[in-house]
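This report describes how the chains of one assembly meet, and where the coordinates deserve caution. The structure is shown first, and the reading follows.

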Amino acid sequence: MAHCERASKPLLQCLQKTYTKALPGLQLQSTRAFQSTALAREEAQAEAKSVPFHKAPDPALVTSPQLERRLLRQGIAPIGSRRRRAALQNASNIPFEQLPYQCFQEARKVLVADREEKLRDITAMSEKIARLQAVPTEEAGGEQVKKSKLRAMELHLEHLKILADINDPLVKKKFEDGQGDLSKPIYRYLADRKWREYRRKILVQRITQMKVIPDVLPHCDPTVDTKLYFNRNQIQPGEFVNAQVSTTAPKLDVQLFEGGEKLVTIAVVDSDVPNVEKDGFDFKMHYLAVNVPISATATKVDLSQLSTDSQVVLPWLPPVAQKGSPYHRLSLFILEQKDSKPLDFAAVKAKETERDNLLPRTLQARYHLKAIGAHLFRSQWDETTYEVMKQIGFPEADMELRRKRVEPLPYKRRNPSTFR
Amino acid sequence: MRPLSPVLASLANVFRIPITRAPVRPTLTNEILSSTSTPTSPRSFSTTSALSKRKESGYRGDRRILLIRYFLHHPLTPRPLRFSRTRFLRHWTIHRAWNLYQANQRRAHELELQRQWQSMQAACEELRTGAGDGGKLFRKSMIKTGVFRDLVPIEYARLQTEGPAREGWNFEWKRD
Amino acid sequence: MFQSRLLAPLRALDRSSRTSLPSAFRTITTTTTTRINTTTLRTPSSLLTTTLTKPTLPQTSFPNIQIRHASHATQGTANRHSRDPAGKRLGAKRTAGEYVVPGCIIFRQRGTKWFPGENCAMGRDHTIYAAQAGYVRYYLDPERHSERKYIGVVFEKDGKLPVPRNAPSRRKLGRVKVRFEVEGEEGVKGGKGDLVAKVGEEGTVVGSVGKVEIQQSEELQLRPGYMYREANWVIGRAAEKAGITAKVYNRKNRWLAWRKRTAKAERAAQMKSLKSKKKGAKKAKK
């Protein structure tokens, strides 16, 4: 054990000192009343423990092989490397906020003062909103004026809530570690910003370059982050999906960046069904579900697990591309229902029975939907398609599409008198 | 301490860079420089390596990449700024606090200017309406002809800055 | 006339004197003697003396007498057209409203004077050609780009371009339905056929090997290269016959990949050293 302690000395200097299991004597001052109380809880645990170390070894601090083995027998794996654990043993476990750096402490003072000011603003603003709501409509200057005023004030309140927490290093750290609580506005704001930095750009590029946007819907401004999984494999927007893989309905991860719950309609459309008689393309609805609740914390939607008697209008139909047909774009749209009111499921089910040529534009107009999220995958003929076609009883499985010969223009000698 | 290669030593000598301590990352620079730039002892005046000197060796790699690598791993280049997690967070905290402080200062300045302007405007309004002479005094005071003309030329009424103006003296200017 | 005759040796002198001094001396002696003999005997002595004193002042040039009078037509740039290249036959090949088929060239240009719009594509030299059969349209599309001019193809004779940005694109399938043999059921059992190429007068024809040919392949035939040997595809199957199996490539097996890589590098180094040795030997012989 001595050798690893010696070796860990340089590591000690650069290791994180955020190890929050504080020494028993050290008192934590919780300056952040509005934050989650994780620190205080851990402190309480640390104080309650008075058992000697070798009796109840800590998986984050244990270094001797015997104790490690004992822990492993209990089913607890030691955390990190042995060298790291040894370094942590000797580290003075000062919490991040109390690190003794002068400039840092001065900066923290500024930030804490600013946060208190913002909190005062928040209470003032919410009181103001309450006062305006109490005022009768006639005195406030009409329905429209009052509404717009309230709306603007609420937006400002949301903005203030974000401003109060955005300068907190621990919030930043938690978000980067993926432990952010998305029920709080600050984490939702950070997640939204991160999504817009890269993933949304990719999505918008794919759906515009592959012409989903003018072909399937006239316009879409994605505001929810949508991830699509087939058998636990995430599909990037526009990826080709094997026919065998897409026989089962996908799972969705729909991340909403606003508070509250929303009811959405989920539709999967194939916009490239070849129609030889028409010499063109048809639409086909592969999946349609209404009244799906999503919120910032409940993001997982399994399309095969939705209830068939209150949500699923058209169950999943595996997409297949006929041999020789150009690739099929399977576009998934998350459509927000108006005012988050549930649609009448029985009426929708009675109306939308036909899969073929059920246009998303029609749906949008009929039920007042608004596209808030999109995703896209593609399918083409591959070695498993034929079997999938047999399974689902595709009518023309053994028909292939071949290029039609375009008659060449007749040879015409152009203006022979000018030829020399 | 590792002795510098002759080229580097002469460079350092020319630019008067004192080389008394060992370079910052001796191992890494050693490896990379020996492959690209450090000449071996018998050919001390040539900077090309033996392989690339031969005519038969075809593609010598991108020159820009070579130069970038050379300057990045040069022993005189300061090492890259790398922070541990907590140190980066501390740095970020200080940065945010400084930005906040500056923004507050700017805002206070703005508000002060606004206050001054508004109080001046209020005074003018008072002069126009409350003086009892039908606003004559106000109108007279608003006439700006001759302001700065007989005292200091208006061209000199620039914002006071730390340093002098870019062109020190306006020789073109003449009192008209 | 007289002057130009005289100037020739002077010019030669000047040229030679510029090159180097000793050679100048040599040439001067030769040229002066020959010129005096061949050209004129009535050379004024004053001029002759200048030629003879020339080598003492080798750097002097003749600013006032080195004028070319256009007594002959000069070479080359006599008329402007020799510098004017042939026309490249650029421009529109199809006008608006004309019927085109896929691949039909609509516009040839240097750079992108026109951009490909609906159902059109741009070639390697910025040539605009049709991607669908239809009627040519030349148009501007301010919603897409404020400046660019586009060439498009519409399917109907009276079709309009540009279409609004949110309108669904109009496409044609351009395919026919054909029944095809499903490989999955009987094809796999029969084993994949080998491909053979026959080089005939019409070009290379690629076909699959029939059962008869497989039996025939047992005996050797006269093959291209004037030798009796097995067919190429039989040689390709030699490992299969001998029952040699190769390891399935595994991307994650980095250990094997490293070993292969090092072996390859070693081999390369060995070959290189051999080569250099050979070269050294050659040099030594020389």
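Over which residues of chain B does pLDDT stay under 50? In this predicted model, the stretch is residues 21–41 of chain B, for which the model has 25 contacts beyond four places in sequence. Where pLDDT is low, the predicted coordinates should not be read in detail. Among the elements of chain B, helix α2 (residues 26–36) has the lowest mean pLDDT, at 45, whereas helix α5 (residues 85–130) has the highest, at 96. Chain B as a whole averages a pLDDT of 76, and 62% of the residues score at least 70.

The two contacts that involve chain A are set side by side below.

| Contact | Residues from chain A | Residues from the partner chain |
|---|---|---|
| Chain A with chain B | 18 residues | twelve residues |
| Chain A with chain C | 24 residues | 21 residues |

On the side of chain A that touches chain C, α12, β5 (261–275), β6 (280–295) and β11 (399–403) of chain A each supply at least two residues, and β11(A) gives the most, with five residues. The residues of this side of chain A divide into eleven nonpolar, four polar and nine charged.

The strand β11(A) is also joined to chain C by backbone pairing: five bridges link β11(A) to strand β9 (residues 175–179) of chain C, and the two strands run antiparallel. Within this pairing, R402(A) has V176(C) in β9(C) as its bridge partner.

A further point of contact with chain C is found at P218(A), which is placed in the loop between α12 (212–215) and β1 (225–230) of chain A. Not counting residues up to four places away in sequence, P218(A) touches R361(A) and N166(C). The residues P218(A) and R361(A) are 143 residues apart along the chain, yet their C-alpha atoms are separated by 7.7 Å. P218(A) is classed as partly exposed because 16 other C-beta atoms lie within 10 Å, a count between the limits of 12 or fewer for exposed and 20 or more for buried.

Chain C itself contains eight helices and 13 strands. Of the 286 residues in chain C, buried residues make up 11%. Among the contacts in chain C with a separation of 6 or more, 43% are accounted for by residues 24 or more positions apart.

Key
Residues are numbered from 1 along each chain as its sequence is written. Chains are lettered from A and ligands numbered from 1 in the order in which they are written. This is a predicted model: local features need pLDDT of at least 70, side-chain atom pairs count only at pLDDT 80 or more; totals for chains, interfaces and linings use all residues. Two residues are in contact if their C-beta atoms, placed from the backbone, lie within 7 Å. Helices (H or I, at least four residues) and strands (E, at least two) are DSSP runs, numbered from the N terminus. pLDDT is the predictor's confidence in each residue, from 0 to 100. Ala, Val, Leu, Ile, Met, Phe, Trp, Tyr, Cys and Pro count as nonpolar, Asp, Glu, Lys and Arg as charged, and the others, Gly among them, as polar. Two strands pair if DSSP finds at least two bridges between them.
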